[in-house]
Amino acid sequence: MDPSAEMFLSELNAEHLKLHRAFEEAYWLFKMGDHDVKDAMNDAEKARDAFRTDARNLERVRAAISAATSPKEIERLRIWEDFFKLYQTPAELMPLKAKIGKLESDIGQKLATAKEGYIDPHTNAFVPASKVAMRMMMRTNHDEAVRKACFDAFEKMATLALEEYVAVVGLRNEFARALGFEDYYAYHVHMSEGMAKERIFKLFSEIYECTKYGLEHIRKLEAERMPGLRKPWNFNYMMAGSFTLEENPYYDFADALMRWGRSFAALGIDFRGGTLQLDLLQRDGKYNSGFCHYPDLVHFENGKRYPGAANFTCNVVYGQPGAGEQGHKTLFHEGGHAADRLASEQEETCLNSEWPPASIAWTETQSQFMETMFSSIEWRTRYAKNKEGLPYPLDLFERTVRKLRIVAPTSLYSIMFVSEFEKLVYETEDLDAEKVMRIAKDMRRKYMDHSEDSLFALSVPHIYSSEHSAYYHAYGLAFLAIEQWRDYFYEKYGHIVDNPSVGKEMREVWKLGSLKTFAEFVKLATGKELSADAYIKDATMDADAYLARGKERIARLASVPEWNGPVRLNAVIKMVHGKETVADTSASFEAMAEKYASWLNAQKRQV
Ligand SMILES: [Zn+2]
């Protein structure tokens, strides 16, 4: 390689890595509750954005391409050309971008520091409780008045930043239109998936048409056997609440780390020497939603590979019914994200982050694949054991399937609901607070068909940040890909849980980082074009067929040996709580899990 091109490429990579790291480090601190870093975070974000949007960088790359002689050199430079092209923002739009960033961080702080809690229906006293805790209470609390009080609290909090939301939607649209897009939704779909929004919503409306009979079945169930089912504070409680309580003993959060470690080890997951930092418990002032970000990216210097780092978080309220399962899920979900990005073999750091050209749908496919594996009945009967060592009972599986299969056709509706809400918000002319509330209520009716209106769409944290707004559809696209991929693996190997061949195939595609688009990756991984077929087949399967399939899968797993070796994921893992390190893998994964479990047990229940 021509030394000047090589020098230029390492300069680009080093600069990108440095700017990425500076922002991500501040972002993590801010989201974990240190709001003093807000200005530093905004400055670091501006510096990173300035690099990506700088027209001179694009010109330099293009000049280097014209001077380049080797195909390898040109290939590497083209990746950067595409990257800079994707982010080009005329200088005159930068003040607008900064204005959006400022408004969003004000909203973020307002929401994070808002007093959260509900009015006790019996004493009329305010009871402090986090959103996560209240959501869980709506699912499991036996007192309908308390569940309704939590619902009312959500409705009230939903409008806390409504005026700011209307303003920021207007600014985001102004920004997207200046770049030639019809609105911010169209712009963001182009950035994150290289797709047109029409294609996504066409797919969603096909699914809706094939599955909306599910809502009729639920109405019928309410009329015939479960009065009050469609009240929003009753639905999850009446459908799944008692199961959440019954399943709870099988998901002690203190056991979660070991199960996750063994399960990932059996699958052959390898973090390639990376560092993982996990902050899993709920805390005041902490961001209200799980995520995985990468302060350090996989990168190369003089041909040598350096591992990346992943931070991930969730909001487990330790001891609260249902929280243990939620914590398990996060480990599988966010751990799947980390396994994907940290396995990259790409030399260009712009292909190793979570930001575009990364496809959100593709990265979500990895995390939700792991989550789906965790939720499978064969995983549960092998790993989810109670204090007496008894595995998740088959009879409980049968009862949950017989009762809950009725909601399977609508399983993507919570995703399609947020997606269409946002699509309409961005498309509405002369948007104001009234119109936003109208759309929120209409979409809630369309997809949830509850008997009362709700502004729940405004409680979805994603809508308040530019990066995460207009991307909920990616979760839906991911589900289509997951069902397609699972079908492929079951057909080829007969089982997924504890199957190193599955891990091996996944690692092969993970090596490519963000080199391909979502649709290309799906084809590469599953051998077929992306379609909704596998998803619809699964969603519309009746209880008998679903049970029979589950039992076959349990029987198949019986012939697969359990993982008995030590857990070695090739990672440095730190369990943290804010700025405190609780346990790490310096001795071993097993020692870390044990220390974390005893720390957990020493924690007071925080609701
Ligand atoms: Zn995710």
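**Strand β8 and its partners**

In this predicted model, strand β8 and strand β9 (residues 580-584) run antiparallel and are joined by 4 bridges. One residue pair shows how the two line up: Lys574 has Asp584 in β9 as its bridge partner. Getting from one strand to the other takes a hairpin with just 2 residues between β8 and β9. In that hairpin Gly578 adopts a positive phi, near 65°.

Strand β8 has another pairing as well. Spanning residues 571-577, β8 also pairs with strand β3 (residues 274-281), this time in the parallel sense and over 6 bridges. Here Val572 in β8 sits opposite Thr275. So much for the strands one by one; as background, side chains in a regular strand alternate between the two faces of the sheet.

Zooming out, the protein holds 25 helices and 9 strands. How compact is the protein for its length? Its radius of gyration comes out at 24 Å, and the globule rule gives 25 Å for 607 residues; the two values are close, so the protein is as compact as a globular protein of that length. Measured out along the principal axes, the C-alpha trace spans about 75 × 60 × 50 Å.

The inside of the fold can be described with two more numbers. Of the 607 residues, 44% are buried. As for contacts with a separation of 6 or more, 75% of them are between residues 24 or more positions apart. The pairing of β3 (residues 274-281) with β8 (residues 571-577) brings together two stretches of the chain with quite separate residue numbers.

Methods
Residues numbered from 1 in each chain as written. Predicted model: local features only at pLDDT ≥ 70, side-chain atom pairs only at ≥ 80, totals over all residues. Pairing = 2+ DSSP bridges. Rg over C-alpha atoms; globule rule 2.2 N^0.38 Å. Buried ≥ 20, exposed ≤ 12 C-beta atoms within 10 Å, placed from the backbone. Contact = placed C-beta atoms within 7 Å.
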